[in-house]
Amino acid sequence: MVAGELRGRRLAAPPKRADVRPTADRVRESLFAILGDVSGARVLDLFAGTGALAIEALSRGAAGATLVDSDTALASRNVEALGLSDRARVVRADARSFMRRERATFELVFCDPPYTLADRLGPELDKSLPPLLAPGARVITESAARKPLELALPLADERRYGETLIRIHTAPGAAAR
């Protein structure tokens with residue numbers, strides 16, 4: 001982890017040829033510098049993979065996190081190894097079906113789908129995400145710069161790190177932190 005209570009701890013990583021592409025440490029560090037204080041936030045990590053984004057948020061004081069992926073082996077392993085089971089819920093599900101049935105709301109949502117899916121996912125997220133967003137929630141998407149994930153939510157910030165594009169959207173409602 002980059003900072004917080006778990007600073008310096010390593011996550012279980014996928015094999016080199018796996019479909020999982022963890023967010024690079026330098027990108028995570030830059031992203032959380034932009035986000036600022038995430039203390040007390042309820043976090044949703046869609047397409048969680050290793051769980052790196054949600055776990056970083058927990059390390060920096062988020063109240064709890066829900067990590068969703070169709071393959072939860074790495075996320076579960078990392079949550080358990082770091083002693084976060086009391087603050088992290090790992091859900092094995094397709095992110096899209098999870099959004100349709102979930103009733104909780106979140107202040108911070110990470111959406112880092114496989115790059116091959118990201119540019120086609122926007123319309124479905126535009127329908128499924130709003131009921132899950134607390135007023136003023138921030139939605140962070142990660143996609144390939146060449147094929148960005150487009151959302152209708154207002155864009156607050158955008159950064160490019162090599163071939164990675166990070167976008168921070170803000171939900172309507174109370175002012176974002």
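The exercises below, each with a worked solution, concern a predicted model.

**Exercise 1. Describe the secondary structure of the protein and the order of strands in its sheet.**

Solution. Begin with the elements: the protein has 5 helices and 7 strands. Along the sequence they follow the pattern α-β-α-β-α-β-α-β-α-β-β-β. Next, place the strands in space. They form an open sheet of 7 strands with mixed pairing, in the order β3-β2-β1-β4-β5-β7-β6. The ends of this order are β3 and β6 (155–161), and each of these edge strands has a single partner, so one side of each is left without a neighbour in the sheet. From one strand to the next, the twist averages 15 degrees.

**Exercise 2. Work out how β2 pairs with β3, and give the handedness of the unit they make with α3.**

Solution. Strand β2 covers residues 64–69 and strand β3 covers residues 88–92. Their pairing is parallel and runs over 5 bridges. To locate the register, take Leu67, which stands opposite Val90 in β3. Now add the connection: with helix α3 (residues 73–81), β2 and β3 make a β-α-β unit, and this unit is right-handed.

**Exercise 3. Determine the sense in which β6 and β7 pair, and describe the turn between them.**

Solution. Here the sense is antiparallel, with 6 bridges between β6 and strand β7 (residues 164–170). A point of reference for the register is Arg160, which stands opposite Leu165 in β7. The two strands form a hairpin with 2 residues between them. In the turn, Gly162 has a positive phi of about 65 degrees.

**Exercise 4. Decide whether α2 is enclosed or open to the outside, and state what follows the helix.**

Solution. For the background, 52% of the 177 residues of the protein count as buried. The cut-off for buried is under 20% relative accessible area. Apply this to helix α2 (residues 52–59): 8 of its 8 residues are buried, so the helix is largely enclosed by the rest of the structure. The buried residues of α2 include Leu53, Ile55 and Leu58, and also Glu56 and Ser59. Just after α2 comes Gly61, with a positive phi of about 110 degrees.

**Exercise 5. Find what is notable in the backbone of Phe47, and say whether this residue is buried or exposed.**

Solution. First locate the residue: Phe47 lies in the loop between β1 (42–46) and α2. Its phi is positive, about 60 degrees, although Phe47 is not a glycine. Then consider accessibility. Phe47 has 13% relative accessibility and therefore counts as buried, the limit being under 20%.

**Exercise 6. Count the cavities of 30 Å³ or more, and characterise the lining of the largest cavity.**

Solution. Rolling a probe the size of a water molecule over the atoms shows where empty space is left. In this model the count is 1 cavity of 30 Å³ or more. The largest cavity holds about 50 Å³ of space. Its lining has 11 residues, and those closest to its centre are Leu31, Leu53, Ile140, Glu142 and Ile166. Next, assign the lining to elements: α1 (25–35), β4 (106–111) and β5 (133–144) each give two or more residues. The largest share, 3 residues, comes from β5. Finally, sort the lining by class, which yields 7 nonpolar, 2 polar and 2 charged residues. One link to Exercise 4 is Leu53, which is among the residues closest to the centre of the cavity and is buried in α2.

Note on methods: Residues are numbered from 1 along each chain as its sequence is written. This is a predicted model: local features need pLDDT of at least 70, side-chain atom pairs count only at pLDDT 80 or more; totals for chains, interfaces and linings use all residues. Side-chain values use heavy atoms; hydrogens and water are left out. On a 1 Å grid over the protein atoms alone, a cavity is a set of points where a 1.4 Å probe fits but cannot get out, and a pocket is an open set with protein on both sides within 12 Å along at least five of seven lines; lining residues have an atom within 4 Å of a point. Grid points are joined across faces, edges and corners, and a volume is the space filled by probe spheres set on the points. Helices (H or I, at least four residues) and strands (E, at least two) are DSSP runs, numbered from the N terminus. Ala, Val, Leu, Ile, Met, Phe, Trp, Tyr, Cys and Pro count as nonpolar, Asp, Glu, Lys and Arg as charged, and the others, Gly among them, as polar. Two strands pair if DSSP finds at least two bridges between them. A crossover is right-handed if, with the strands pointing away from the viewer, the path from the first strand over the helix to the second runs clockwise. Buried means under 20% relative accessible area, exposed over 50%, partly exposed in between (1.4 Å probe, protein chains only). Axes are lines fitted to C-alpha atoms, for helices over the stretch in contact, and angles run from 0 to 180 degrees between N-to-C directions.
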